[in-house]
Amino acid sequence: MAYSDKVLDHYENPRNVGSFAKDDEGVATGMVGAPACGDVMKLQIKVGRDGVIEDAKFKTYGCGSAIASSSLVTEWVKGKTIDQALDIKNTQIAEELALPPVKIHCSILAEDAIKAAVADYRKKQQA
Amino acid sequence: MSIDLTQDYFSLFELPRAYAVDDRALEAAWHRLQSQVHPDRYAHLPDADKRRSMQWATRVNEGFRTLQKPLARAQYLLVLAGVDAGVETNTAMSAEFLMEQMEWREAVEEARAAGEVGELEKLHTRLLQHAREVRAALERQLDIDHDYAQAADTVRRLMFIEKLQHEIDDALLALEG
């Protein structure tokens, strides 16, 4: 199957790969996985006191589309408030990367990773 | 000879509907059914009969493949129980499990990059042991507790574990090949 140029670009030059120390202030972690293909994705966001996402990092074990989806998402969430980040939909990710139908679940995984990271952030805020 | 295409695979193979399966009984039933529905037996009959025997043979082989593999068998039992395992849609595994999976993948990646065959073989052995434990839990959930929600979660876990097994096999093949 042929990958789009954008997928290849993110796959070959993934943005923001890595980790933050998970207990640092403002850092929240979203872990998700796709059973059907065995992909595992970790998305971390670093949120400032003003509620704006200052930085994001990811680590993904999966196919090119899963890596590209998470790489793209780390770029998109930066500068957004956590509420704005939740507005990112898998359809936008799939469209931006021109994902074929069999790879839509990769974009769903990336959307779910944002939701999981935000949920972790809110849980930590309440604690 | 005729095969009811609406009966489930366990009935077709005359086996109890359970995760624990007698491999030899399954294989014996497969050979018996296969010889009964083999298209060669219908070669002299009209086309409609030939087509039907092809359908039967396909059904028998699909059934065998489904019942033979533990993961496929478990998924099939969930389908029969009307439970969606959510393998395409459920991304919310426990964070602890996913973290563990990530650590496994990292270990495989590092061992592969460093060309450590011995380390990969150790990971392989550990993972086999782990898979055995998870399959034992699955058998309990499906056959004794009939806790299908829990079994669906375990099926999803097994899918990650099988993927990991492939990755280790791949790495070993690449290093030894």
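Here are a few questions and answers about this predicted model.

Reader: How many residues does chain B bring to the contact with chain A?
Author: Let's start on the other side: chain A puts in 15 residues. By class, those split into 9 nonpolar, 3 polar and 3 charged residues, with E1, E2, E3 and H5 of chain A each supplying at least two. For chain B, the count is 16 residues.

Reader: Is E2(A) enclosed or not, and how many of its residues are buried?
Author: A residue is called buried here if 20 or more other C-beta atoms lie within 10 Å of its own. E2(A) has 9 residues, and it's largely enclosed by the rest of the structure because the buried ones number 8.

Reader: Which residue in the turn between E2(A) and E3(A) has a positive phi?
Author: These two strands run antiparallel, paired over 8 bridges, and A:Val40 sits opposite A:Tyr61 of E3(A). They make a hairpin with 5 residues in between. The turn residue with a positive phi, about 80°, is A:Gly51.

Reader: And what is the bridge partner of A:Gly30?
Author: E1(A) and E2(A) are antiparallel too, joined by 8 bridges. Their hairpin has 4 residues between the strands, and A:Gly38 there takes a positive phi near 75°. Over in E2(A), the partner of A:Gly30 is A:Leu43.

Reader: How far apart are the end C-alpha atoms of H6(B)?
Author: H6(B) covers residues 117-144, which makes 28 residues. At 1.5 Å a residue the helix should span 40 Å, so the expectation agrees with the model, where the ends are apart by 40 Å.

Reader: Which residues of H6(B) are buried?
Author: Their cover includes helices H4, H5 and H7 of chain B. The buried ones are B:Leu120, B:Leu123, B:Leu138, B:Gln141 and B:Leu142.

Definitions and conventions:
Residues are numbered from 1 along each chain as its sequence is written. Chains are lettered from A and ligands numbered from 1 in the order in which they are written. This is a predicted model: local features need pLDDT of at least 70, side-chain atom pairs count only at pLDDT 80 or more; totals for chains, interfaces and linings use all residues. Two residues are in contact if their C-beta atoms, placed from the backbone, lie within 7 Å. Ala, Val, Leu, Ile, Met, Phe, Trp, Tyr, Cys and Pro count as nonpolar, Asp, Glu, Lys and Arg as charged, and the others, Gly among them, as polar. The expected span of a helix is 1.5 Å times one less than its number of residues. A residue is buried if 20 or more other C-beta atoms lie within 10 Å of its own, exposed if 12 or fewer, and partly exposed in between; C-beta atoms are placed from the backbone. Two strands pair if DSSP finds at least two bridges between them.
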